[in-house]
Amino acid sequence: MAQASFSLGSRVKLSNGLSMPQIHLGVYMASGRETLRAVQWALEAGYRAIDSAQMYDNEKQTGTAINAFLTSDANAEGLTREDIHFTTKLARNSEYEKARKSITMSAKKSGLGYIDLFLLHSPYGGKEVRLASWRAVEDAIEAGEVKTGGVSNYGVKHLKELMASKPRILPAVNQIEVHPFNTRTEITSFCQENNIVVEAYAPLVRALRMKHPTIVSLAEKYSCTPAQLLVRWSLQHGYVPLPKSVNKERIVSNVEIGGFEIAKEDMSKMDGLDE
């Protein structure tokens, strides 16, 4: 079980010695205009990490919104580029040169100077291109285009394959779908045992379980919303949740999770919802 106190300022340590915010705004499949607004609202609300991807087609808008915030009056704290964490992902694993050029393109498209976290979006394509794409990530890190490398949607066998290849740099993150209705205990345990941070996408279960009786009753017990309960569950497991919203009010309310702690027996009750 993780620490008791969480906020938008909470950070998690990575295996490479760096750290990153423990709550990120997800902009999964948000349109360009939606992304510009959502990122602006999130940064104004105190978020310090944004999760994009080549496949979402909003890297440019994410970077534009981050840069606009940093130079605006809303940036009352005088934050700089180094204070904002930007994640993006390789759309498709490929041979080395193609993957390497694709990473450089993402860095340029974002307009942020570098990428904080670059992930291989999936294990698709077979062993050869998985390992070639990872070499491209390693070289991008050594070139200063990327700070931290990781993977997404990798199972235990994919992680073991990568680790067995004796990479120069090990993945610091595995971003997977994980929430009380899909607890993924085999892969989450493997990651935590190997010092790989689990990022939880779809932590709000795509809003499909907000009226589940257990979620409703526990939200009432803790005087919180179902979304806040789900984000808090993720944090207490030591994960990095990526709640996605393009609604200003929900962007703010989803992460107001500092006023309560889910008791151990209720965490177990939520764990038991796995489908």
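Biologist: How many salt bridges does the count come to here?

Modeller: Keep in mind that this is a predicted model. The idea is to look for a Lys or Arg side-chain nitrogen within 4 Å of a carboxyl oxygen of Asp or Glu. By that rule you get 12 salt bridges.

Biologist: Give me one to look at. What does R168 form a salt bridge with?

Modeller: Its partner is D139, and the closest N and O atoms are 2.8 Å apart. Now check where each one sits: R168 is in the loop between α5 (156-164) and β8 (173-177), while D139 belongs to helix α4 (residues 127-142), so the pair ties together parts 29 residues apart in sequence. As for exposure, R168 is partly exposed at 46% relative accessible area, and D139 is partly exposed too, at 22%.

Biologist: Which residues are linked with R168 in a network?

Modeller: E138, D139 and E142 join R168 in a network of salt bridges.

Biologist: Okay, another pair. Where do K221 and D266 lie?

Modeller: First the contact itself: their side chains meet in a salt bridge at 2.6 Å, N to O. K221 lies in helix α7 (residues 213-221) and D266 in helix α10 (residues 264-271), so this bridge ties together parts 45 residues apart in sequence.

Biologist: And is D266 buried or exposed?

Modeller: D266 is buried, with a relative accessible area of 3%. K221, on the other hand, is partly exposed at 49%.

Biologist: I also see K269 by D266. How should I read a pair inside one helix?

Modeller: Start from helix geometry: with 3.6 residues a turn, residues three or four places apart in an α-helix point the same way. Here, K269 and D266 are three residues apart in helix α10, about one helical turn. Their side chains meet in a salt bridge at 4.0 Å, N to O. K269 counts as partly exposed, at 47% relative accessibility.

Biologist: Let's switch to burial. How many residues of helix α8 are buried?

Modeller: For this you need the cut-off: buried means under 20% relative accessible area. Helix α8 (residues 226-236) is mostly covered, with 10 of its 11 residues buried. Among them are L229, L230, V231 and W233, and also R232 and Q236.

Biologist: What do the buried residues of α8 pack against?

Modeller: They pack against two strands, β9 (197-201) and β10 (240-241), and against helices α7, α9 (248-253) and α10. You've met two of those already: α7 holds K221 and α10 holds D266.

Biologist: What phi does G238 take, just after α8?

Modeller: G238 has a positive phi of about 90°.

Note on methods: Residues are numbered from 1 along each chain as its sequence is written. This is a predicted model: local features need pLDDT of at least 70, side-chain atom pairs count only at pLDDT 80 or more; totals for chains, interfaces and linings use all residues. Side-chain values use heavy atoms; hydrogens and water are left out. Helices (H or I, at least four residues) and strands (E, at least two) are DSSP runs, numbered from the N terminus. Buried means under 20% relative accessible area, exposed over 50%, partly exposed in between (1.4 Å probe, protein chains only). Contact means heavy atoms within 4.5 Å.
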